[in-house]
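The following briefing addresses one protein model. Please consult the sequence and the structure shown below while reading.

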Amino acid sequence: MKRQRKQKIVEINEERFTSFINSMDRGNEPYLDELERDALSNDVPIIRKDTQTLLKFLLKMQKPKNILEVGCAIGFSALLMSEYSEPDCKITTIEKFEKRIPIAKDNFNKFDKGNKITLLEGDATEILKELDPGYDFIFMDAAKGQYINFLPDCTRILNKGGLLISDNVLQDGDVIESRFAVTRRNRTIHARMREYLYELKHNDNYETVILTVGDGMTLSYKL
Ligand code: SAH
Ligand code: MG
């Protein structure tokens with residue numbers, strides 16, 4: 001029954017386009033491919049191929065020195081950012097799920113060659129409050145219903161000229177549907193995600209673009 005939710009309503013990305021575009025990609029380092037396969041076979045929700053490509057592009061363009069990620073899971077996207085950022089870039093990533101933390105640590109020990117990554121264990125709701133300003137790239141990829149609550153702290157600690165990137169903002173297509181077309185358990189997320197998108201587009205701190213890449217992404221440039 002759960003599966004049916006997916007075939008519904010809309011596909012934000014026609015699969016043939018995504019496959020075609022992905023087929024043009026140079027791909028990643030083999031250890032990242034292996035981690036990606038592991039994650040997918042264990043139902044760990046990591047960033048999609050087209051999202052990876054966009055992140056790599058933004059890293060080359062922006063050359064951040066101090067990255068924050070909210071939502072580490074097993075460390076796939078943190079390692080991707082470590083691999084494709086400048087050698088002197090530091091990455092801080094937050095994860096609260098106890099089952100995933102040791103796996104992420106193990107992956108960082110094995111693959112984070114430049115020791116660029118620091119894992120902060122715990123709930124981002126508390127951790128974000130404690131962080132000092134000075135980030136130039138924030139990747140938001142945690143519980144979708146919480147983005148709106150994380151935004152004030154992200155805005156406080158993000159440098160002017162920095163980028164706030166948020167993943168999964170189109171909620172598998174649900175976000176454009178009426179709240180009544182969305183399953184009851186997704187309604188709160190639905191309302192909060194709409195609020196988040198509206199806020200990003202109307203907040204004077206940011207210039208924001210909403211993209212249909214992956215499961216929907218926003219790029220917000222801090223003015
Ligand atoms: N960025 C990862 C995937 C993250 S999946 C990648 O692409 O490789 C989202 C993760 O956010 C989950 O592991 C979940 O446990 C974590 N998460 C959700 N809400 C959180 C919170 N409030 N604080 C810390 N971690 C959170
Ligand atoms: Mg995601």
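Which spacing do the donors of the magnesium ion (ligand 2) follow along the chain? They follow D-x25-D-N. This is a predicted model, in which local features need pLDDT of at least 70 and side-chain atom pairs count only at pLDDT 80 or more, while totals for chains, interfaces and linings use all residues; side-chain values use heavy atoms, with hydrogens and water left out. Residues are numbered from 1 along each chain as its sequence is written, and chains are lettered from A and ligands numbered from 1 in the order in which they are written.

**Magnesium site**
- Asp 141 (OD), Asp 167 (OD) and Asn 168 (OD1) are the protein donors of the magnesium ion (ligand 2), lying 2.1 Å from it.
- Donors are N, O and S atoms within 2.8 Å of the metal (3.2 Å for Na, K and Ca); water is not among the atoms, so sites may look incomplete.
- Both Asp 167 and Asn 168 are buried (under 20% relative accessible area, with exposed over 50% and partly exposed in between; 1.4 Å probe, protein chains only).

**Sheet**
- An open sheet of mixed pairing is formed by seven strands in the order 3-2-1-4-5-7-6; strands (E, at least two residues) and helices (H or I, at least four) are DSSP runs numbered from the N terminus.
- Strand 3 (117–121) and strand 6 (206–211) are the edge strands, each pairing on one side only; two strands pair if DSSP finds at least two bridges between them.
- On average, neighbouring strands of this sheet are turned by 15° against each other, direction ignored.
- Six bridges join strand 6 to strand 7 (residues 217–222) in the antiparallel sense, and Tyr 206 has Lys 222 in strand 7 as its bridge partner.

**Helices**
- Helix 6 (residues 101–111) lies across strand 2 (90–95) and strand 3, at about 170° to strand 3; angles run from 0 to 180 degrees between N-to-C directions, and axes are lines fitted to C-alpha atoms, for helices over the stretch in contact.
- Helix 8 (residues 147–157) and helix 9 (residues 187–202) pack at about 30°, with their axes 9 Å apart, and are therefore roughly parallel to each other (angles under 35 degrees).
- In this contact (heavy atoms within 4.5 Å), helix 8 contributes Tyr 147, Ile 148 and Leu 151, and helix 9 contributes Arg 192, Met 193, Glu 195, Tyr 196, Glu 199 and Leu 200.
- In helix 5 (residues 76–83), seven of the eight residues are buried, including Phe 76 and Leu 80.

Terms used
Parallel < 35°, antiparallel > 145°, perpendicular 65-115°, else oblique.
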